[in-house]
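The exercises below ask the reader to work through one structure step by step, with the coordinates open alongside. Each task is followed by its solution.

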Amino acid sequence: MNMLPESPWTVSDLRFEHQIIPSLYLSGDFTDYFRVDERRVAFYLADVSGHGASSAFVTVLLKFMTTRLLFEFKRSGTLRDFKPSEVLGHINRGLINCKLGKHVTMVGGVIDEDTGLMTYSIGGHLPLPVLYTPEHCGYLEGRGLPVGLFDEATYQDHVMELPPRFSLTLLSDGILDLLPGDTLKDKEAALPEIVKAAGGSLDGLRQRFELATLGEMPDDIALMVLSRNLQ
């Protein structure tokens, strides 16, 4: 719990919030957000394969890898190249070299406050991030291989301009157990509608999914919501 970021956390006009619900005492889901430099903010949500103590150990490793990488970039003077795709590639190589028998699905992004642009990369993660605005709600595009499985894996950066008012919801696949529908396609169709009904807020999602009264779940559930000018 001490490794997790502050929630809520406000930087400039951006607001970050999260909630993690472990299926056991320890969780294989993890999220983090932090300032990269005076104009950039980074975030990610990760879902380690399996759950329990062995998967929770990998979340500690992820925190160390990202912190160490940020330190190395700053020390070498290459911080301008802090791209989500390169971070996922670094974690991919690190997990394979550790030979832990664990892989991770991830979504990571960097927001440039000066330009209003968000650069993000996806490593085999489902469901995809959901972007909500008062006018529209839908999935971001992107795909990619899971992190820590394939030596040859490469990751792609996607760049988009963030709307003046929006929220971006990142979820681990444990949320699929709470979605209506019999198939994955049905569940994926339902999620943006639920985010829309929740007004794009974490509190709204808590109510819609009745997270306060959940019983024992088969998988960890993680939620992270990044928003601007919705309140």
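**Exercise 1: the span of a helix**

Compare the expected span of H3 with the distance between its end C-alpha atoms.

Solution. The 14 residues of H3, at 1.5 Å a residue, should span 20 Å, where the expected span is 1.5 Å times one less than the number of residues. The end C-alpha atoms of H3 are 20 Å apart, which agrees with that expectation. Helices here are DSSP runs of H or I with at least four residues and strands are runs of E with at least two, both numbered from the N terminus. The model is predicted, so that local features need pLDDT of at least 70 and side-chain atom pairs count only at pLDDT 80 or more, whereas totals for chains, interfaces and linings use all residues. Residues are numbered from 1 along each chain as its sequence is written, and side-chain values use heavy atoms, with hydrogens and water left out.

**Exercise 2: the buried face of H3**

Determine which residues of H3 are buried, and which elements they pack against.

Solution. Taking buried as under 20% relative accessible area, exposed as over 50% and partly exposed as in between (1.4 Å probe, protein chains only), one finds that Lys187, Ala190, Leu191, Pro192, Ile194 and Val195 are buried in H3. An α-helix has 3.6 residues a turn, so residues three or four places apart point the same way. The buried residues of H3 pack against strand S7 (130-132), strand S8 (137-139), strand S10 (166-171) and helix H4 (202-209), contact meaning heavy atoms within 4.5 Å. Beyond the helix comes Gly199, whose phi is positive, near 70°.

**Exercise 3: a buried lysine**

Work out what surrounds Lys187, a buried residue without a salt bridge.

Solution. Lys187 belongs to helix H3, residues 184-197. A salt bridge requires a side-chain nitrogen of Lys or Arg within 4 Å of a carboxyl oxygen of Asp or Glu, but the nearest side chain of opposite charge to Lys187, that of Asp177, is 6.0 Å away; Lys and Arg count as positive and Asp and Glu as negative, with His and the chain ends not counted. A polar atom of the Lys187 side chain does, however, lie 2.9 Å from the backbone oxygen of Leu176. When neighbours within four places in sequence are set aside, Lys187 is in contact with Leu176, Leu179, Pro180 and Gly181.

**Exercise 4: backbone exceptions**

Locate the cis peptide bonds that precede Pro8 and Pro127, and describe the positive phi values of Lys99 and Asn229.

Solution. Most residues other than glycine have a negative phi, and most peptide bonds are trans. The bond from Ser7 to Pro8 is cis, with omega near -5°, and Pro8 is in the segment before strand S1 (9-11). The bond from Leu126 to Pro127 is likewise cis, with omega near -5°, and Pro127 is in the loop between strand S6 (117-123) and S7. Lys99, not a glycine, has a positive phi of about 55°; this residue lies in the loop between helix H2 (84-98) and strand S5 (104-112) and, at 74% relative accessibility, counts as exposed. Asn229 has a positive phi near 60° and lies in the segment after strand S11 (221-228), where its 45% relative accessibility makes it partly exposed.

How values were computed:
Polar contact = N/O pair within 3.5 Å; in protein donor to acceptor, adjacent residues only side chain to side chain.
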